[in-house]
Every structure is written in structure tokens, then in C-alpha cells.
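User: Please take a close look at one part of this structure and explain carefully how the pieces around it are arranged. I would like one connected account rather than a list.

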Amino acid sequence: MPILFTINNKTFLATNTTVLTTSEYNPNQDTIEFYNKGIIVINETPEYSLNDIPYSLLTLFECEELKVKKELTFIDKLKLNILSVINSSKKVYVFLNTLTYLDDPFKETLFKYLKDNNKIIINYTTNIEETLYFDYIIVIHDNKIIMEGPKKALLKEEKILKKLGFNLPFIVELSIGLKYYGLIDKIYYDNESLVNKLWN
Amino acid sequence: MRILEDVTKSRIYGLMGNINITTNNENYRIINGYKFKNTVEEYLNNPKSSVALKMVSLNDDYLPKKVSDLSPAEIKKVNFAHALIENKEYLIFDYFEKELTTKEKEDFKRLFTRLTKDYHKTILIFTNDLTFIWDISSAIFYVDNSKVINTFSSKDSNILNYVDNPSISKFITLLKKRNISIEDYKSPQDLLKAIYRLKENPN
């Protein structure tokens with residue numbers, strides 16, 4: 001059964017989505033509602049129980065030391081929060097400006113794990129680079145949905161994004177420049193593809 | 001661990017790694033997402049509140065608001081305004097940039113530079129985003145297990161061996177793996193020009 005959610009009275013089909021917001025937006029006040037299934041929310045007040053985290057999971061995410069570390073940092077607690085809920089029966093994981101704190105290796109393992117277990121990620125962020133993670137983007141400013149749609153379509157709206165205070169993601173900005181110089185003929189969204197095109 | 005005690009004053013320093021930021025030093029002020037009580041006006045409690053709010057890109061409309069009315073970014077900005085009023089010599093920003101847009105990050109970087117040059121503040125920016133600090137820092141400290149493991153100048157690309165690489169650095173690394181000779185650019189525009197030159201003159 002498809003999962004639907006609403007933001008500000010607009011309904012969306014729950015797929016991996018980036019919700020790109022400007023800084024005055026408070027996602028905790030969001031009217032996001034999920035129908036049919038529950039959600040897991042990861043925010044900036046991480047809670048966890050080490051007993052809920054199997055050691056195999058700590059190993060997979062290379063976090064074994066956290067089990068015995070005396071003074072945990074905010075990042076440590078955030079990781080433990082995620083690991084303590086990652087095997088939940090809930091289908092949708094909502095990250096409220098928290099993926100931005102995580103290192104690349106942890107995020108890569110996290111995305112793969114959630115994907116392999118058929119979970120859906122809704123990522124709230126102000127970091128434009130994070131729009132490259134998933135294929136759907138919703139842009140919110142001043143508590144209103146400004147635009148929404150597939151990543152490739154939305155990242156063409158450079159003027160609107162700049163007006164909201166965002167640059168384009170690095171790879172998109174570089175692609176536009178290279179296209180202008182006639183070195184490539186389309187926009188690329190990952191490094192490997194662009195480098196392969198430039199230097200076969 | 002003490003980082004700021006031996007540094008040259010009135011400069012910006014970066015701090016990267018996995019630690020908790022705390023201080024007992026009265027001359028230091030940490031700017032983070034502290035959830036103050038009462039309204040913004042009561043928290044700032046100073047005739048210069050309006051000036052301080054303006055410096056951090058807020059305005060008097062925020063004075064009657066409470067923490068529950070503010071976004072995470074706005075809470076940090078109000079704490080920054082409070083720090084400006086306190087007028088401590090050393091300012092430590094704890095993941096300050098996390099909820100800011102690209103433009104706001106650039107605006108605050110200019111403000112940090114102004115605070116060091118015009119107001120002689122010494123600033124330490126704790127972040128995991130190298131691009132937020134690499135063009136404004138005199139040095140970047142990398143810490144692990146509560147110790148400074150290494151200190152890098154802003155031009156030293158060896159720091160890329162310790163921290164998550166920015167998008168531009170990942171791209172450049174990929175080019176180098178393909179034996180394409182290219183410098184460690186920080187600006188997409190400079191990289192673009194370099195690629196154009198390489199393609200136009202492959203020899």
C-alpha cells in the first residue's frame with residue numbers, strides 16, 4: 001500500500017525525498033502527517049539505548065567503540081540514535097537537519113542499509129548538496145512550498161534557488177559551466193559520469 | 001584540551017574532529033543552539049539588542065518571540081546576538097552553520113572576518129564542513145580523542161586526509177586518479193577554467 005504524507009496541506013507519495021528549506025523554517029512545526037504507517041524521526045535531541053543496538057550493527061557501521069566510549073559527543077549520540085531505530089518495523093525515516101552532521105562513510109552505509117530494507121527517507125535540510133541524494137525535491141520558504149518535483153527538473157531552477165539563498169550543487173554548477181564552454185552537452189549529477197565524459 | 005591559549009589573537013581558526021565543546025574560561029563564549037528561557041528581548045536584555053539582532057541578520061520582530069517560535073538557525077543567531085552583547089574576547093561557534101543557506105554562510109563568514117579585524121575578536125569555528133572555514137581560517141586544528149592531532153594552514157591540502165572532502169575536492173581527487181594533472185582548487189570557477197585549459201591544450 002503506498003504511503004502518503006502531507007506538508008502544509010499538500011499531499012505527496014512517500015518516496016526518498018529531500019525537503020530543502022530556508023533557515024527560518026522550523027520542521028518541528030511542520031504539519032507533516034503520514035497516513036497508514038508510522039514514522040521514525042531523527043532530530044537534534046538524540047535518544048538511544050545501547051541495549052537496543054545489536055553488536056553486529058555497531059560493527060557494520062564501524063561504531064564498536066561507542067559501546068565503551070566514556071564521553072560521547074553529539075555526533076556519537078546521533079549515530080547511536082539512528083542505530084537504535086534502524087531495525088524498526090516503521091517504513092519511513094524523517095531526518096530533521098541531521099544527515100548533515102554525519103560523515104560520508106556512515107551515510108553511505110546508512111543509505112544502503114535503509115534501501116536494502118525497503119525504507120523510505122525524507123531528509124529535511126538547508127544543504128543544497130544533499131539534494132543529490134534522492135530523486136525528489138520539495139522546496140519550502142516562509143512556511144510555503146515554493147516548488148516540488150524530480151531532482152533534475154528542480155535543479156534547473158537556478159534563479160529561484162539563488163533568490164532563496166542557495167547555490168546549485170557543485171557538480172551541477174560545474175556541468176553548467178562546462179556545457180557553456182561546449183565541453184559537454186548535458187548536466188551531470190555524479191562525479192564518475194562527468195569525468196568519464198570529459199576524459200574517456 | 002586547550003586550543004586558543006597560544007594562538008595569535010584577532011584571527012579566525014577552524015576546528016574539526018569529533019569532540020564536545022566546553023569551556024570554563026570566562027573570556028570565552030560558545031555560540032550554539034542553547035534554548036534560552038523567556039523571550040528574545042528578555043534574554044538579550046540590553047539597549048543594544050536591536051543592533052545585535054541586525055548584525056546577525058535578524059530584526060526587532062524577533063524580540064517578543066520565544067524559543068518555541070524560532071527555527072534552529074534562528075535560535076543560534078539569537079545566541080550569537082547575545083554573545084555580541086556580552087562582548088567576550090573569544091567566540092567559539094559550535095556547528096553554527098548547520099541550518100544556514102549558502103548565502104547566509106557567506107554573509108556570516110564576512111561577519112566573522114569583520115569581528116576579528118574591526119573588533120579584535122578571536123574566533124574558533126567548530127564544524128565538519130571544510131568549505132565553511134578553509135578560506136577564512138589562519139589555521140585549522142584537527143582533534144581526536146580530546147587531543148589536537150594535527151594543525152593545518154588554510155592552504156595545506158593534507159587536511160583532506162583527515163576529514164570528509166568537500167564536493168570539489170572529491171572531483172579533483174577523481175581527476176588525479178585518472179592521472180590528470182590539476183591543482184587543489186577551492187573555487188568551482190577556478191576549476192572550470194582549469195578544465196577548459198586542459199581540454200583546449202591537452203599537451
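Analyst: **From one edge of a sheet to the chain contact**

B:Tyr28 stands opposite B:Tyr90, a residue of strand S3 of chain B. The model is a predicted one, in which local features need pLDDT of at least 70 and side-chain atom pairs count only at pLDDT 80 or more, while totals for chains, interfaces and linings use all residues. Residues are numbered from 1 along each chain as its sequence is written, and chains are lettered from A and ligands numbered from 1 in the order in which they are written.

Strand S3 of chain B covers residues 90–94 and runs parallel to S2(B), to which 4 bridges join it (strands pair if DSSP finds at least two bridges between them). Both belong to an open sheet of 6 strands in chain B, whose order is S2-S3-S4-S1-S5-S6 and whose pairing is mixed. Strand S2 (28–31) and strand S6 (147–153) of chain B are the edge strands, each pairing on one side only. From one strand to the next, the twist averages 20°. Across S2 and S3 of chain B lies helix H3 of the same chain, residues 72–86, which runs at about 165° to S2(B) (angles run from 0 to 180 degrees between N-to-C directions, with axes fitted to C-alpha atoms; helices, H or I of at least four residues, and strands, E of at least two, are DSSP runs numbered from the N terminus).

Turning to the other chain, the contact between the chains takes 34 residues from chain A and 32 residues from chain B (two residues are in contact if their C-beta atoms, placed from the backbone, lie within 7 Å). On the side of chain A that touches chain B, helix H2 (74–85), H6 and helix H7 (191–198) of chain A each supply at least two residues, and H6(A) gives the most, with 6 residues. That side divides into 16 nonpolar, 11 polar and 7 charged residues (Ala, Val, Leu, Ile, Met, Phe, Trp, Tyr, Cys and Pro count as nonpolar, Asp, Glu, Lys and Arg as charged, and the others, Gly among them, as polar).

Helix H6 of chain A (residues 170–180) and helix H6 of chain B (residues 188–200) have axes that come within 10 Å and cross at roughly 40°. H6(A) and H6(B) are therefore oblique to each other (under 35 degrees is roughly parallel, over 145 roughly antiparallel, 65 to 115 roughly perpendicular, and the rest oblique). Among the residues making this contact are A:Phe170, A:Leu174 and A:Leu178 of H6(A) and B:Leu191 and B:Ile195 of H6(B). By class, the contact of H6(A) with H6(B) has 7 nonpolar, 1 polar and 1 charged residues.
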